[in-house]
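Colleague: I am new to this structure and would like a close look at a single part of it. Could you choose one helix, take me through how it sits, and then connect it to its surroundings?

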Amino acid sequence: MNQLAAWTPTAIPSQAGRNVVVTGGGSGLGFAIADALARHGAHVILAVRDAERGARAADRITASTPEASVEVELLDLSSLASVHEAAQDISVRLPTLDLLINNAGVMWTPLTRTSDGFELQMGTNHLAHFALTGLLMPQLLSTPGSRVVTISSNSHKGGHIVFEDLNSQHGYDRQAAYAQSKLANLLFTYELHRRLTSAGAHTSALAAHPGGASTGLTRNAPTHMRLLNTVLGPLLTHSAERGALPALRAATDPAALGGEYYGPKGPGEMRGDPRRTDSHPRSHDAEAQRRLWTLSEELTGVRYPL
Ligand SMILES: NC(=O)c1ccc[n+]([C@@H]2O[C@H](COP(=O)([O-])OP(=O)(O)OC[C@H]3O[C@@H](n4cnc5c(N)ncnc54)[C@H](OP(=O)(O)O)[C@@H]3O)[C@@H](O)[C@H]2O)c1
């Protein structure tokens, strides 16, 4: 396509015959991503923690696209047992998996522990997605052209991985913990890309971020920031549908390659048309990528066949 032309959902090729899993597909960006993929013919599984909300989301998709093929799978990313159950179920339901979108996330939550004792943001945003992707690897590897797209954030730029205290046992700063988890999303993507390439696999790993999108993510922000957001939000951010475009491009553009990162092209990458971008140099630290991978395998008990 013309490199100067804006990439819009009309550029999404037919997704007919493709199986897709979107974590957090019942609301926010995940819903917008799932809806667009279903509109283009994909069979979409909304992997959600609340079955009723998931069913309502599936109904909304079929209400606007009656021929859409959508299912709901229960997945609570704050529990590794739930991740195992969901992965098992998905691998029974889907013999092949073309696209896994690691989208679900939480931001700036008060100190909370997952069922496995992980800090909630690291546990949900990174460790559970690391485990889910690893458990679905056989389906992904046996599907030529499959992709894993993981959603990061501009916040990753302020992130540092505290290897000695990944799960905030010795102090907690909610904003730093979010930034750390979003940096982890990128370190994971780049290490997965390297391993897939070394293995000669026909699966690619990419990352994307939405810029600033109007969703429920800011629910734990301090009151003054939420008030500021009410005033400045409409000027600085865009809709969930627009925020979904970098992920949709990473997921479907035939020209998008493993190891790439997509985001909006406007000032500060807050809004605008989706384009390939680059992440902070800390996300390209190969030693940190390997170290996080090893630690994530140890913490989740999920070993990749790569
Ligand atoms: N919005 C932005 O401006 C922005 C900016 C940068 C990055 N992001 C990233 O975009 C992704 C989506 O966020 P969003 O903006 O769409 O926020 P959102 O509206 O709050 O949606 C978050 C989604 O994650 C799901 N989720 C949270 N905890 C879960 C768990 N334990 N198990 C399963 N699902 C869980 C939520 O499910 P429920 O519906 O059940 O709550 C919801 O579907 C996140 O990774 C976030 O870091 C967003």
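**A close look at helix α2**

Modeller: In this predicted model, the residues of α2 that count as buried are Gly-54, Ala-57, Ala-58 and Ile-61. Around the helix axis they cover an arc of only 100 degrees, which means that they lie on the same side of α2. The general background is that an α-helix has 3.6 residues a turn, so residues three or four places apart point the same way. On the other side of α2 one finds Glu-52, Asp-59 and Ala-63, which are exposed.

The length of the helix can be checked as well: α2 runs over residues 51-64, and because each residue should add 1.5 Å, its 14 residues are expected to span 20 Å, which agrees with the 20 Å between its end C-alpha atoms.

As for what the buried side meets, the buried residues of α2 pack against α1, β2 (43-48) and β3 (69-74). Of these partners, α1 leads us on to the ligand, since α1 gives the most residues to the shell around the ligand, namely three. That shell holds 31 residues, of which Gly-24, Gly-28, Gly-105, Ser-153 and Thr-215 come nearest to the ligand. The elements that give two or more residues to the shell are α1 (28-39) and α4 (120-135). Sorted by class, the residues around the ligand are eleven nonpolar, 16 polar and four charged.

From there it helps to turn to the largest nonpolar core, which has 83 residues, and in which Ile-33, Val-44, Leu-46, Val-83 and Ala-247 touch the most other members. The element that gives the most to this core is helix α6 (residues 174-198), with eleven residues. To take one of the well-connected members, Val-83 is in contact, apart from its neighbours within four places in sequence, with Leu-75, Leu-77, Ala-128, Ala-131, Leu-132 and Leu-135.

A last stop is Ala-251, which lies in helix α9 (residues 245-252). Ala-251 counts as buried because 28 C-beta neighbours lie inside 10 Å of it, where 20 or more are needed. Leaving aside its neighbours within four places in sequence, Ala-251 is in contact with Leu-99, Ile-101, Arg-147 and Val-149. Ala-207, for its part, is 44 residues from Ala-251 in sequence, while their C-alpha atoms are 9.1 Å apart in space.

Terms used
Residues are numbered from 1 along each chain as its sequence is written. This is a predicted model: local features need pLDDT of at least 70, side-chain atom pairs count only at pLDDT 80 or more; totals for chains, interfaces and linings use all residues. Helices (H or I, at least four residues) and strands (E, at least two) are DSSP runs, numbered from the N terminus. A residue is buried if 20 or more other C-beta atoms lie within 10 Å of its own, exposed if 12 or fewer, and partly exposed in between; C-beta atoms are placed from the backbone. Two residues are in contact if their C-beta atoms, placed from the backbone, lie within 7 Å. A nonpolar core is a set of buried Ala, Val, Leu, Ile, Met, Phe, Trp, Tyr and Cys residues joined through C-beta atoms within 7 Å. A residue is near a molecule or strand if its C-beta atom, placed from the backbone, lies within 6 Å of it. Ala, Val, Leu, Ile, Met, Phe, Trp, Tyr, Cys and Pro count as nonpolar, Asp, Glu, Lys and Arg as charged, and the others, Gly among them, as polar. The expected span of a helix is 1.5 Å times one less than its number of residues. The arc is that of the directions from the helix axis to the C-beta atoms.
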